[in-house]
Amino acid sequence: LLYLAALRAGLVYVPLNTAYTPGEVGYFIADAEPRVIVCDEARRESLAPLAAAANLVAIDALAARAKSGAKADIVPRGPDDLAAILYTSGTTGRSKGAMLSHENLVVSARHGNSFDRLDEGEETIAYLPMAWVGDHIFSYAQSYVAGYCGNCPESPETAILYRREIG
């Protein structure tokens, strides 16, 4: 839901691998220059010195705000507007931010859905790393464009349970 909330607010989503150390996260923060950083409460203290000018928000605080019924305006976005910055793995040097527009995500999703013959009747399991480009195409964009249900497991163990449940 955080991804959808970012889109609604007109923000650019920059997901990072949750296994990164604070030092590694520092590189991405310096490179992307985010205005808002969302983290879990357990990492808030270690990330605070890196946040600099960004507003550091714990995910629990956002969840509480959503449960309170607080509403935010929808910020209009166009096809050429930036939707996400997804960092490369860094196998040939420092990770680089790949900038994806809304149109890029939608067109990629349409092609993937067409190739795999996916429609609103599908149900899938999100099994790819959250910060990987494939997750944004396969787990988010394709399900939004086709209208099918994408299940997000809490752990590898629940992924196996979901697989049994949805067949």
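Val 38 stands opposite Val 57 in strand β2 of this predicted model. Val 38 belongs to the pairing of strand β1 (residues 36–39) with β2 (residues 55–58), which run parallel and are joined by four bridges. Together with helix α3 (residues 41–51), β1 and β2 form a β-α-β unit that is right-handed. The points below cover a second strand pair, helix α6 and the residue Gln 142.

**Strands β3 and β4**

- Strand β3 spans residues 82–87 and is mostly covered, with five of its six residues buried.
- The partner of β3 is strand β4 (residues 97–101); the two run antiparallel and five bridges join them.
- Within this pair, Leu 82 has Ser 101 of β4 opposite it.
- In a regular strand, side chains alternate between the two faces of the sheet.

**Helix α6: length and geometry**

- Helix α6 has 14 residues, and the distance from its first C-alpha to its last is 18 Å.
- That span is close to the 20 Å expected at 1.5 Å a residue.
- The helix bends at Tyr 140, by about 30°.
- Just after α6 comes Gly 147, which takes a positive phi of about 85°.

**Helix α6: burial and packing**

- Helix α6 is largely enclosed by the rest of the structure, because 10 of its 14 residues are buried.
- The buried residues include Gly 134, Asp 135, His 136 and Ile 137.
- Also buried in α6 are Ser 139, Tyr 140, Ala 141, Gln 142, Ser 143 and Ala 146.
- Tyr 140, where α6 bends, is thus named among the buried positions of the helix.
- The buried residues of α6 pack against two helices, α1 (2–8) and α5 (102–116).
- They also pack against the strands β3 and β6 (149–151).

**Gln 142**

- Gln 142 lies in helix α6, which covers residues 133–146.
- Gln 142 has 1% relative accessibility and so counts as buried, the cut-off being under 20%.
- Its side chain makes a polar contact with the side chain of Asn 113, at 2.8 Å.
- Leaving aside residues up to four places away in sequence, Gln 142 touches Ala 109, Gly 112, Asn 113, Asp 116 and Leu 118, among others.
- Further residues touched by Gln 142 are Ile 137, Gly 147 and Tyr 148.
- Gly 147, one of the residues that Gln 142 touches, is the glycine with the positive phi just after α6.
- Asn 113 appears both as the polar partner of the Gln 142 side chain and in the list of residues that Gln 142 touches.

How values were computed
Residues are numbered from 1 along each chain as its sequence is written. This is a predicted model: local features need pLDDT of at least 70, side-chain atom pairs count only at pLDDT 80 or more; totals for chains, interfaces and linings use all residues. Side-chain values use heavy atoms; hydrogens and water are left out. Buried means under 20% relative accessible area, exposed over 50%, partly exposed in between (1.4 Å probe, protein chains only). A polar contact is a pair of N or O atoms within 3.5 Å; within protein, one must be able to donate a hydrogen and the other to accept it, and residues adjacent in sequence count only if both atoms are side-chain atoms. Contact means heavy atoms within 4.5 Å. Two strands pair if DSSP finds at least two bridges between them. The expected span of a helix is 1.5 Å times one less than its number of residues. The bend at a residue is the angle between axes fitted to the seven residues ending there and the seven starting there. A crossover is right-handed if, with the strands pointing away from the viewer, the path from the first strand over the helix to the second runs clockwise.
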